[in-house]
Amino acid sequence: MGHGSSKSLPEVEEASHLSRLKQKLHIHGHHHHRFRRIFRRSHGKGSVSGAYCLKLLTAEDFAGIALISLISAEMKFKDKWFACVSLGEKTFRTEISDHTENPVWNSEKKLLLERNGPHVARISVFETNRISKNNLIGYCEIDLLEFLTRDLDSDFEVFELFDPSSSGIIVGKISISCSVEDPIETEKSFARRILSIMDYNEDGQLSFSEFSDLIKAFGNQVAANKKEELFKAADKNGDGVVSMDELADLLAIQQEKEPLITCCPVCGEIVEVSDRLNTVVHLSLCFDEGTGNQIMTGGFLTDKQASYGWIFKLSEWAHFSKYDVGLNSGSSASHILVFDRRTKRLVEELIDGKIVMSMRTIYQSKIGLRLIDKGAKELLISISEKQGRKMNSVESAKDIPKFIEFFKDQINLDEVKYPLEHFETFNEFFIRELKPGARPIAFMERDDIAVCAADCRLMAFKNIEDSLRFWIKGQKFSIQGLLGKEINSSTFINGSLVIFRLAPQDYHRFHVPVSGTIEKFVNIPGNLYTVNPIAVNSKYCNVFTENKRVVSIISTTEFGKVAFVAIGATMVGSITFSKKEGDYVKKGDEFGYFSFGGSTVICVFEKGAIQIDEDLLANSSRSLETLVSVGMKLGNSHKVTTV
């Protein structure tokens, strides 16, 4: 049904056209993409919120817009299944399949690829039913930049799905296709889809009035004043109507000369008319997300969050829990999100909800502070000592399988030096050693490069002021308080601070971050507060300066003196060192271990001694912990050029 000339329409009717367009943009496009017939072929073992982020891309950074499709899977038992794809700080999930061992999703999603950004996508497959919670069954990781360079004989590739607790066990296979759209083709594809919405009578072509409504939606007044000229240029055969392809061609050509689109029709964001690349990326990704054009549901940060389904959405709506990146994700929410440095992806740290509630009651309230003052300190020490004795008993070995199952996607048994039957107590497993080579040390021969001291969640700050602004909220925290009276703290005033927080599921041996000689060890007695962000971010206690800790000073050639502080925590009454005073240590050497529980190492560098890697500083400035492994690069001595 045509609409007459837009010039004769009253303003209210013109507004209704735009309102109708906005409404259609949010309900249109639910037709599923139909894949071409494909032939199954396995290529062996797989390798490793809405609108487009407003961070501007440069042509050098832009690698393309990847269209990834989760087609189907072959599992070992029947159930209802869904899959998630996670890249960077976004996760998308498919719909739930029928009850089958061969689920079919045919779900696709467009993902922005940057040359220096995240490019390792994690594909997770969950079983689900109405009775029990959703369970992660298998996963694979795909380097999209590497995958897209392959010369495949078919339209898809089959990847093996691995057991979350052991990458050596295959639990199924998943068929995935991935391609990169050329920016021009992306632009044309976007144009065809959005213009089809304006085709009110669905005859496959646009009248002048329909074209006029489209120009209004683009929010470009200059173009609106030239709509007759533009329409004539598009109508190449002069029949008074313009096909979708004709108009798409015009739009692509016009964007090179004088862009028509200055306002995103989906989110209303003003787009930079002089920046064609970012306009194309924004419109393509925003349109898909805003219209539901593709089957995958977005808006999740991690695959675990996506797996919560309606339960998560209900709790979020009721404000029972909060997902966010940054300080709130640790101090005031029931979930802790950290950024995995290896995959450049957000992951969720597992922690029992009851424990979270207890910690918040103690550490985030004045009532909790009074409890601490009235004997909770002694109680925590007593509990830790009792738990330590229990975890050293032979009976505790039966808890090992349950512990592994709870953290099954965060403990890799293939890395453990000894088989499970080797461990006679739980604590023996907790302080487990890893196989030689499991943690390669970055730039091993260069002492001017420092490395990460633990498998942990890391926060790094150029100085103590930054740490107090972004992370540590204890009102009395200071370098002097951290190092104690026996250490000459003036050496470290205004120095850089690196916090390595270990969670229970982590490898609990800590390593030397720099090469040098151990000058001294100083034992400082104290409390055993938890080192969880809930306590660290509390203004009512000072975890790092009040907890039991051991301070060691390492004298180095490249970094000067480095203070290495091992901090005890709830359930961690024992800190054991494998080196002694006077020993020369090489970076990456094992330095000691924590017994049962989670704990923390803090390294303090002299002012100006280290240039910490920029990605670690950037995450920390967002109050976002970075998940790192022993031996990963931490930073350079200021005496050398950054690597």
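**Three exercises on a predicted model**

An open sheet in this predicted model is built from three strands in the order 17-23-21, paired antiparallel. Let's work from there.

**Exercise 1.** Work out which strands are the edge strands of this sheet, and find the bridge partner of I575 in strand 23.

*Solution.*
- Start with the order, 17-23-21. Strand 17 (509-511) and strand 21 (575-577) each pair on one side only, which makes them the edge strands.
- Next, the twist: going from one strand to the next, it averages 25 degrees.
- Now take strand 21 and strand 23 (residues 590-594): they run antiparallel and are joined by three bridges.
- Finally, look up I575: its bridge partner in strand 23 is F594.

**Exercise 2.** Decide whether R457 is buried or exposed, then find the side chain with which R457 makes a polar contact of 2.8 Å.

*Solution.*
- Locate the residue first: R457 sits in strand 15 (residues 456-461).
- Check the accessibility. Buried means under 20% relative accessible area; R457 has 3% relative accessibility, so it counts as buried.
- Then list its neighbours. Leaving out residues up to four places away in sequence, R457 touches, among others, V338, E349, Q410, F500 and D506.
- Pick out the polar partner: the side chains of R457 and D506 are joined by a polar contact of 2.8 Å.

**Exercise 3.** Explain why helix 4 (residues 208-218) can be called largely enclosed.

*Solution.*
- Go through the helix and mark the buried residues: S209, E210, F211, S212, D213, L214, I215, A217 and F218.
- Compare with the helix length: nine of the 11 residues are buried, so helix 4 is largely enclosed by the rest of the structure.

Conventions. Residues are numbered from 1 along each chain as its sequence is written. This is a predicted model: local features need pLDDT of at least 70, side-chain atom pairs count only at pLDDT 80 or more; totals for chains, interfaces and linings use all residues. Side-chain values use heavy atoms; hydrogens and water are left out. Buried means under 20% relative accessible area, exposed over 50%, partly exposed in between (1.4 Å probe, protein chains only). Helices (H or I, at least four residues) and strands (E, at least two) are DSSP runs, numbered from the N terminus. Two strands pair if DSSP finds at least two bridges between them. Axes are lines fitted to C-alpha atoms, for helices over the stretch in contact, and angles run from 0 to 180 degrees between N-to-C directions. A polar contact is a pair of N or O atoms within 3.5 Å; within protein, one must be able to donate a hydrogen and the other to accept it, and residues adjacent in sequence count only if both atoms are side-chain atoms. Contact means heavy atoms within 4.5 Å.
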